[in-house]
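This report is written for a reader who is meeting the structure for the first time. It begins with a region named in a database record and then moves outward to other parts of the model.

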Protein chains: 2
Amino acid sequence: MNICACEQRTVCKNGSRNSEFGVSILPVIYIATLVCLQRRARTMPLKSLSVLLPGIKWLHGYTAQDAVADLIAGITVGLTVLPQGLAYATLAGLEPQYGLYSSFVGGIVYAMLGSCRQVTIGPTALLALMTSRHTGFGLDSGPAYGILLCLISGVVELGMAVLKLGALVDLISLPVTVGFTSATAVIIGTSQLKGLLGLRGGSGSDFINTMRSVFGNLSQVRRGDLTLGLVSISVLLLLRRLKTVKVAQRVRNLRAQQLLSGSIWVVSTGRNALVVLVSSVLAYSQCKSQDSCPFILTGKVKSGLPSLALPKFETTIMGKNGTEVPQTFEQMLSELGPSMLILPIIAVLGNVAISKAFGGAGLSPTRELVALSLSNICGAFCSSMPVTGSFSRSAVNHASGVRTPIGGCYTSVLVLLALSLLAPYFQYIPKAALSAVIISAVIFMIEFEVIRPLWRCSRRELLPGAITFVMSLAIGVEIGLLLGVGADVAFLVYRAARPVLSVSKLQTINGMSYILIRPKHSSLYFPAIEWVRSGISKALSTHGTAPVVLDCAHVHDFDFTAARGMGSLYKELAKANVPLFLMSAHKDISVILKESTNIDFPTIDCPNDLESLVEQMPDFELHLQVTAPLVESKMLQTVEANATELSKLTTSSA
Amino acid sequence: MNICACEQRTVCKNGSRNSEFGVSILPVIYIATLVCLQRRARTMPLKSLSVLLPGIKWLHGYTAQDAVADLIAGITVGLTVLPQGLAYATLAGLEPQYGLYSSFVGGIVYAMLGSCRQVTIGPTALLALMTSRHTGFGLDSGPAYGILLCLISGVVELGMAVLKLGALVDLISLPVTVGFTSATAVIIGTSQLKGLLGLRGGSGSDFINTMRSVFGNLSQVRRGDLTLGLVSISVLLLLRRLKTVKVAQRVRNLRAQQLLSGSIWVVSTGRNALVVLVSSVLAYSQCKSQDSCPFILTGKVKSGLPSLALPKFETTIMGKNGTEVPQTFEQMLSELGPSMLILPIIAVLGNVAISKAFGGAGLSPTRELVALSLSNICGAFCSSMPVTGSFSRSAVNHASGVRTPIGGCYTSVLVLLALSLLAPYFQYIPKAALSAVIISAVIFMIEFEVIRPLWRCSRRELLPGAITFVMSLAIGVEIGLLLGVGADVAFLVYRAARPVLSVSKLQTINGMSYILIRPKHSSLYFPAIEWVRSGISKALSTHGTAPVVLDCAHVHDFDFTAARGMGSLYKELAKANVPLFLMSAHKDISVILKESTNIDFPTIDCPNDLESLVEQMPDFELHLQVTAPLVESKMLQTVEANATELSKLTTSSA
């Protein structure tokens with residue numbers, strides 16, 4: 001672990017101290033965490049080992065067949081993660097090798113801790129995009145920010161696991177998710193246009209600036225890169241479709257059929273590696289010197305493993321005048337800002353979805369969250385950028401017949417081998433080919449197909465989706481996501497504040513008229529009570545004076561504010577000689593109404609009970625005086641409204 | 001309107017231009033607004049005048065008796081607002097006359113536009129406190145900020161009226177209101193300690209700093225001020241109780257009884273004016289020179305009316321080194337920050353409460369909002385700080401027998417007279433007396449009595465109240481209020497996300513077991529669907545495999561995310577050979593489920609229908625294949641989870 005490439009020198013200089021610290025702190029964090037989480041598991045000592053390392057159970061009865069299956073799946077996933085890792089690191093604004101540094105820790109950690117065989121953890125396009133917002137400050141600050149963000153994400157995820165906050169992802173509705181992924185796909189796609197067109201300069205996460213810069217430099221498009229890029233995209237899309245074409249069925253010979261369909265599967269699944277390999281060979285043959293090369297190449301990829309070291313808590317960035325500006329830890333944190341919270345939530349969202357898709361409902365979300373968290377924390381000690389479960393690679397893993405999470409270890413070994421042995425050849429990968437890999441991956445993430453059913457059955461839900469999409473493009477994906485969730489939450493609050501009231505004027509069997517109000521909501525809370533009050537007022541002015549019956553059959557809960565509001569409504573109506581009855585009220589509701597208002601609300605079980613009750617109260621106002629001892633001041637009898645309390649503050653004399 | 005006092009000179013210099021502009025812009029704003037709001041009222045022309053100026057209706061049949069009643073009430077309110085205005089201006093960090101400048105516009109505007117005779121609009125302790133956060137920057141920036149805030153509040157309130165956002169006050173629950181008013185009362189009370197103790201230095205809105213400064217300077221307490229302050233408070237509290245003592249009833253002579261109770265009422269109601277008057281006379285007799293004076297006095301109050309001028313959109317503040325730092329309009333806005341939104345909301349909250357308390361449900365909230373808004377906008381042209389309805393003065397107005405809002409005009413005239421004629425004498429008012437007026441006003445606003453019923457019937461609601469109270473004291477009232485509302489909203493979202501699921505294993509009459517799940521919530525939206533899914537999984541693992549019946553009798557609404565989640569739950573259960581039925585589902589729900597998932601959910605009306613349906617589907621898996629055409633990819637049959645969409649973004653191959 002001490003093979004340091006040129007740029008790692010700064011890290012290596014004081015690497016010995018860092019390394020030692022890193023080596024010693026890793027198991028401590030790990031053990032402390034799991035001990036915390038598993039306080040209940042007190043049986044000793046073999047069982048507690050499997051609690052700490054649930055991966056041990058995979059080794060029980062691990063047969064040669066299992067190993068072969070895992071090996072094949074591991075290698076297949078490895079062939080996918082190699083080009084993706086290089087590409088996503090570039091997308092994140094880091095040198096390509098950081099993508100590979102990010103690709104091997106997750107596999108090993110998940111093999112030890114995870115419980116779903118298909119899940120593979122590593123760099124993803126979305127996290128790379130979110131990381132890229134913090135890597136553009138020049139000097140060696142890019143990796144410093146990326147790795148610190150990885151560590152913080154892991155810690156935040158651990159906190160979410162401990163506090164069981166994984167449920168926060170429930171707040172992200174499907175339309176918001178679709179808006180978010182579509183916007184992200186558009187941003188990632190356009191950010192790769194530069195690579196595809198052969199334009200120099202880094203890719204950014206800012207949609208508008210990227211588009212402006214691309215269109216401003218259209219005259220400098222390089223024909224070689226453009227051709228290679230377009231051809232690569234076409235080939236990738238064709239190979240992707242190949243899997244669904246049933247060519248093999250036309251061949252009669254069963255063995256040939258199997259062989260053909262097998263090779264089609266291999267070619268289609270390994271298409272990224274294939275395209276990158278072919279284009280690299282092409283570039284290698286064409287590019288004897290830098291100048292004569294028709295493609296922009298990836299450039300030197302640092303060979304060797306990353307050093308095991310603490311993330312850097314200080315860095316220097318390039319100032320406006322080209323000067324070096326040192327950044328303290330606090331400044332780094334303030335630069336990362338909301339990303340420190342939003343990135344982990346997005347990571348958890350993705351990971352939860354994958355483990356749910358492949359593992360069903362039997363998985364422990366907390367355990368999965370711990371595995372993800374430690375993949376990030378441990379990764380940060382190996383210069384990883386933030387990682388999470390990759391849906392596409394998990395699908396490849398599943399399709400390749402993986403049997404246990406140990407398959408991830410084989411992927412990790414392949415990545416480490418590539419870092420040690422293949423790195424010198426990575427420099428010949430044309431950037432246009434990597435851009436093509438990313439574009440043909442994200443192009444399918446722009447989801448139009450959800451718009452139609454939404455339009456047909458719930459148009460209102462298009463709004464949060466549209467807000468998320470537009471704001472993600474215009475301002476940034478984090479803001480877009482937050483605004484979308486905010487719009488959804490606002491709707492939830494609106495529903496609680498403005499319950500549908502069904503109002504009808506009915507008659508009992510003996511012909512006594514009454515007004516039935518039925519709130520179609522399971523609770524009456526503070527934001528709704530004024531609405532109910534004004535609804536009853538309106539009903540009275542529409543239908544004329546009659547006893548009011550509030551049907552509480554569907555209402556399970558009142559809060560204090562609503563109960564007090566009911567109390568003042570009761571008194572207000574009583575002053576107008578209108579009795580108010582509750583119908584089918586649960587006992588809890590009667591209790592909270594009584595405790596909050598000191599009024600015994602007359603309660604009925606069916607409308608026909610009304611008659612006898614109303615007869616018993618011929619002088620309703622008198623009746624009120626008896627049952628409502630709260631009315632203290634004559635002058636301000638009606639003053640019991642909710643918000644009233646506030647304005648009293650302006651008081652002095654009275 | 002052109003009598004300018006010394007400090008107003010700067011305004012007067014370019015006052016002519018400003019004045020003209022002010023005079024011309026006021027009616028334009030007013031007419032444009034009302035025309036906008038009353039587009040529907042198209043009848044001409046007399047009726048449209050009364051639409052523009054609803055106050056005209058008060059003049060119809062305005063008798064001499066009405067005029068006398070209004071005059072008495074107006075003078076009584078005036079005697080309350082004079083000391084309060086002087087005190088609240090000091091609380092806001094402004095010179096005393098600004099409190100009077102703020103006290104006459106509201107009465108006139110409300111007489112023209114308002115519809116509730118009791119409401120009086122003017123300065124209040126709460127708004128003064130909120131204003132004081134922006135008046136401490138030295139030089140002449142205090143009035144500039146206060147007046148600008150008044151203008152902006154008016155404009156924001158107008159916006160709220162047009163967008164019908166007055167309902168935002170519904171979001172403030174009773175516990176939050178109580179926490180907020182109590183914290184504000186504590187802050188205002190402590191801010192007056194300095195005046196009461198005779199300590200020099202301005203009062204602030206920061207509770208912690210104020211306490212620190214008071215306790216740090218205890219050695220400098222002045223005996224004269226302290227004595228006067230304590231005596232004043234005692235007298236004020238005694239006079240306040242006087243009204244409730246039934247002394248008069250012991251007198252036999254009816255006329256003497258009336259006279260006595262009348263004078264008791266006058267003394268009790270006018271107690272603020274009385275205390276201020278007596279202490280001022282005392283100070284005038286004692287203080288021949290500044291040095292020999294046992295009390296700190298209010299100091300010179302500028303005589304004369306405020307000039308009619310545009311609010312200042314630029315100002316200069318005192319820099320750190322005592323230099324003058326000019327502030328542009330943008331800098332002023334950024335200093336005002338969230339106050340520009342929160343102050344109007346608080347103002348509306350207070351005003352809505354008062355008009356509801358006195359006017360009942362018959363008032364138009366929009367019209368009240370427009371009246372409040374224009375009181376602020378017009379006020380800003382007369383150097384007013386933000387104003388709203390005052391609960392205490394409205395109560396005085398009501399008790400004094402006011403008959404029409406024209407009473408407010410008499411108050412305004414009294415204030416204008418005081419500004420012209422009495423101002424020279426205001427300088428003798430001891431600060432301690434004004435502090436006593438404020439303290440004995442706010443001391444009753446600390447509400448303990450709401451804690452007991454809350455504790456007994458809804459302990460959870462203590463939390464938002466406590467958050468509001470503590471955070472208001474620790475950080476600031478705006479933040480405290482926002483956090484309290486945030487806690488309440490979080491609870492609403494939590495309720496929607498975690499509906500109570502009642503789960504039971506039952507049998508049909510023929511003995512067929514089934515699991516009945518009944519969500520006790522009126523809707524299943526995005527945050528709840530995972531909860532329902534895992535609830536059903538748990539029920540299956542607890543009760544064993546049996547058909548699952550989801551009772552939708554209380555569920556009125558599904559959203560798209562929840563419908564999709566139900567779809568994947570259906571398929572997941574089908575794979576485990578567990579059929580899922582909906583019971584008593586509304587038609588709307590069936591439609592949205594069908595449109596979103598393409599699955600025909602089997603629906604029953606009563607559990608006994610189960611048997612025949614289950615018999616019809618002996619091969620349940622086959623049945624699923626036929627009715628679920630959405631399942632496209634064999635490999636990812638289960639991949640339909642909500643959040644799944646997101647993680648797909650990481651895709652490439654698969």
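## The annotated region of chain A

UniProt, in an unreviewed entry, lists residues 522-594 of chain A as "domain: STAS". The model discussed here is predicted, and in this model the span from 522 to 594 of chain A is 53% helix and 16% strand, with its end C-alpha atoms 20 Å apart.

## Chain A as a whole and its confidence

Chain A contains 29 helices and eleven strands, and 50% of its 654 residues count as buried. When contacts in chain A between residues at least 6 apart in sequence are considered, 80% of them join residues at least 24 apart.

The mean pLDDT of chain A is 78, with 83% of its residues reaching 70 or more. Over residues 1-24 of chain A, however, pLDDT stays under 50, and the model has 33 contacts beyond four places in sequence for this stretch. Residues 40-44 of chain A also have pLDDT under 50 throughout, and for them the model has three contacts beyond four places in sequence. For the complex, the predictor gives an ipTM of 0.73 and a pTM of 0.75.

## The five-stranded sheet of chain A

In chain A, five strands form an open sheet in the order S5-S6-S8-S10-S11, and their pairing is mixed. Strand S5 (501-507) and strand S11 (603-604) of chain A stand at the edges with a single partner strand each, so one side of each is left without a neighbour in the sheet. Helix H24 (residues 529-543) of chain A packs on this sheet, where it touches S5, S6 and strand S8 (548-551) of chain A, and the direction of H24 makes about 150° with that of S6(A).

Seven bridges join S5(A) to strand S6 (residues 513-519) of chain A, and these two strands run antiparallel. They form a hairpin with five residues between them, and in the turn Gly511(A) has a positive phi of about 90°. S6(A) is also joined to S8(A), in this case by three bridges and with the strands running parallel. Leu516(A) of S6(A) can be followed through both pairings, since it is the bridge partner of Ser504(A) and is itself partnered by Val549(A) in S8(A).

## Two residues with positive phi

Most residues other than glycine have a negative phi. Asn577(A) is not a glycine, yet its phi is positive, at about 60°. This residue lies in the loop between helix H25 (560-575) and strand S10 (580-583) of chain A. Is Asn577(A) buried or exposed? Asn577(A) is exposed, because just 11 other C-beta atoms lie within 10 Å, where a residue with 12 or fewer counts as exposed.

Ser383(B) likewise has a positive phi of about 60° although it is not a glycine, and it is found in the loop between helix H17 (365-380) and strand S4 (388-389) of chain B. Ser383(B) counts as buried because it has 26 C-beta neighbours inside 10 Å, the threshold for burial being 20 or more.

## A hairpin in chain B

The side chains along strand S2 (residues 315-318) of chain B alternate: Thr315(B) and Ile317(B) point to one face and are buried, whereas Thr316(B) and Met318(B) point to the other and are not. Four bridges join S2(B) to strand S3 (residues 324-327) of chain B, and the two run antiparallel. Within this pairing, Val325(B) in S3(B) is the bridge partner of Ile317(B). S2(B) and S3(B) form a hairpin with five residues between them, and Gly322(B) in the turn has a positive phi of about 80°.

## Two helices and their buried residues

Helix H22 (residues 462-474) of chain A has 13 residues and reaches 18 Å from its first C-alpha to its last, close to the 18 Å expected at 1.5 Å a residue. Its buried residues include Pro464(A), Ile467(A), Phe469(A), Met471(A) and Leu473(A). The buried residues of H22(A) pack against helix H9 (174-191), helix H11 (207-216) and helix H23 (477-497) of chain A.

In chain B, helix H23 (residues 477-497) has 21 residues and reaches 30 Å between its first and last C-alpha, close to the 30 Å expected at 1.5 Å a residue. Among the buried residues of H23(B) are Val477(B), Glu478(B), Leu481(B), Asp488(B), Leu492(B) and Arg495(B).

How values were computed. Residues are numbered from 1 along each chain as its sequence is written. Chains are lettered from A and ligands numbered from 1 in the order in which they are written. The expected span of a helix is 1.5 Å times one less than its number of residues. UniProt positions are given in the numbering used here, feature names are shortened, and annotations may be inferred rather than shown by experiment. Two strands pair if DSSP finds at least two bridges between them. Two residues are in contact if their C-beta atoms, placed from the backbone, lie within 7 Å. Axes are lines fitted to C-alpha atoms, for helices over the stretch in contact, and angles run from 0 to 180 degrees between N-to-C directions. pLDDT is the predictor's confidence in each residue, from 0 to 100.
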